[in-house]
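Q: Please give me a close look at the part of this protein where its nonpolar core is built, starting from the beginning of the chain. I would like one connected account that goes step by step and explains the reasoning where there is some.

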Amino acid sequence: MKYLAAYLLLTIGGNAAPSAKDITALLATVGIEAESDRIETLIAQLAGKDINELIAEGTSKLASVPSGGAAAAAAPAAGAAAAETKAEEKKEEAKEESDDDMGFGLFD
């Protein structure tokens, strides 16, 4: 995914056909070590294709994927679990803050 994202960023930036060297250099700027075989595979599969057409084709395929009630039923349950997790984190944070200063502050 990171290789495709780098390829798309370079394409949006004006490089119509990014090379493996371009992708590797972009990923290196954010500290990611690139695997040359994966980059070469990506470039081979995208060679001679228009990115905008590929995105449009993918979007039309996603439109045919059903996204019915199962996802809607799962969403409230996930929301409740997230709310419980946030409440627990707030309680833990309050405890940690009081323990960190050990009864005195830096500027007291």
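A: A good place to start is the end of helix 1, which is followed by Gly-14, a residue whose phi is positive, near 110 degrees. Everything described here refers to a predicted model, and the values are computed from that model. Helix 1 covers residues 2-12, and it overlaps a stretch that has an annotation of its own: the unreviewed UniProt entry places the feature "signal peptide" at residues 1-16. Over residues 1-16 the chain is 69% helix and 0% strand, and the C-alpha atoms at the two ends of the stretch are 19 Å apart.

Before looking at the inside of this part, it helps to have the whole protein in view. The protein has 5 helices and 0 strands, and reading along the sequence gives the pattern α-α-α-α-α. Of its 108 residues, 11% count as buried. The accessible surface comes to about 8600 Å², and carbon and sulfur atoms hold 60% of that surface.

Now to the buried side of helix 1, where Tyr-3, Ala-6, Tyr-7 and Leu-10 are buried. These residues cover an arc of only 100 degrees around the axis, which puts them on the same side of helix 1. The face turned away from that buried side carries the exposed residues Leu-9 and Ile-12. As for what lies against the buried residues of helix 1, they pack against helix 2, helix 3 and helix 4.

Tyr-3, which lies in helix 1, is worth following as a single example. Its relative accessibility is 7%, and since buried means under 20% relative accessible area, Tyr-3 counts as buried. If residues up to four places away in sequence are not counted, Tyr-3 touches Ile-23, Leu-27, Glu-33, Ala-34, Glu-35, Arg-38, Ile-39 and Leu-42. Tyr-3 and Ala-20 are 17 residues apart along the chain, and their C-alpha atoms are separated by 9.7 Å.

Ala-20 leads us to helix 2, where Ala-20, Ile-23 and Leu-27 are buried. Seen down the axis of helix 2, these buried residues fall within an arc of 65 degrees, so they line one face of the helix. The exposed residues Lys-21 and Thr-29 are carried by the face turned away from the buried side of helix 2. The cover over the buried residues of helix 2 includes helix 1 and helix 3. After helix 2 comes Gly-31, whose phi is positive, near 80 degrees.

Ile-23 shows how these pieces meet at one residue. Leaving aside its neighbours within four places in sequence, Ile-23 is in contact with Tyr-3, Ala-6, Tyr-7, Leu-10, Pro-18, Ile-39, Leu-42 and Ile-43.

With those contacts in mind, the largest nonpolar core can be listed: it has 11 residues in all, namely Tyr-3, Ala-6, Tyr-7, Leu-10, Ala-20, Ile-23, Leu-27, Ile-39, Leu-42, Leu-46 and Ile-51. The elements that give two or more residues to this core are helix 1 (2-12), helix 2 (20-29) and helix 3 (36-46), and the largest share, 4 residues, comes from helix 1.

Around this core there are also residues with a different setting. Asp-37, for instance, is found in helix 3, and at 51% relative accessibility it counts as exposed. The C-alpha atoms of Asp-37 and Ala-20, 17 residues apart along the chain, are separated by 9.5 Å.

Charged side chains complete the picture. Side chains of opposite charge can pair when their charged atoms come close. In this protein the count comes to 2 salt bridges. One joins the side chains of Glu-35 and Arg-38, with 3.2 Å from N to O; both of these residues are also among those that Tyr-3 touches. Glu-35 has a relative accessibility of 38%, so it counts as partly exposed. Glu-57 forms a salt bridge with Lys-61, where the closest N and O atoms are 3.4 Å apart. Both Glu-57 and Lys-61 lie in helix 4 (residues 51-63), 4 residues apart, about one turn of the helix. Glu-57 is partly exposed, with a relative accessible area of 41%, whereas Lys-61, at 53%, counts as exposed.

Note on methods
Residues numbered from 1 in each chain as written. Predicted model: local features only at pLDDT ≥ 70, side-chain atom pairs only at ≥ 80, totals over all residues. Heavy atoms only, no water. UniProt positions renumbered as here; feature names shortened; annotations may be inferred. Core = buried A, V, L, I, M, F, W, Y, C linked by side-chain atoms within 4.5 Å. Buried < 20%, exposed > 50% of the residue type's maximum accessible area, 1.4 Å probe, protein only. Contact = heavy atoms within 4.5 Å. Areas by Shrake-Rupley, 256 points an atom, 1.4 Å probe, with all protein chains shown as cover. Salt bridge = Lys/Arg side-chain N within 4 Å of Asp/Glu carboxyl O. Arc of directions from axis to C-beta.
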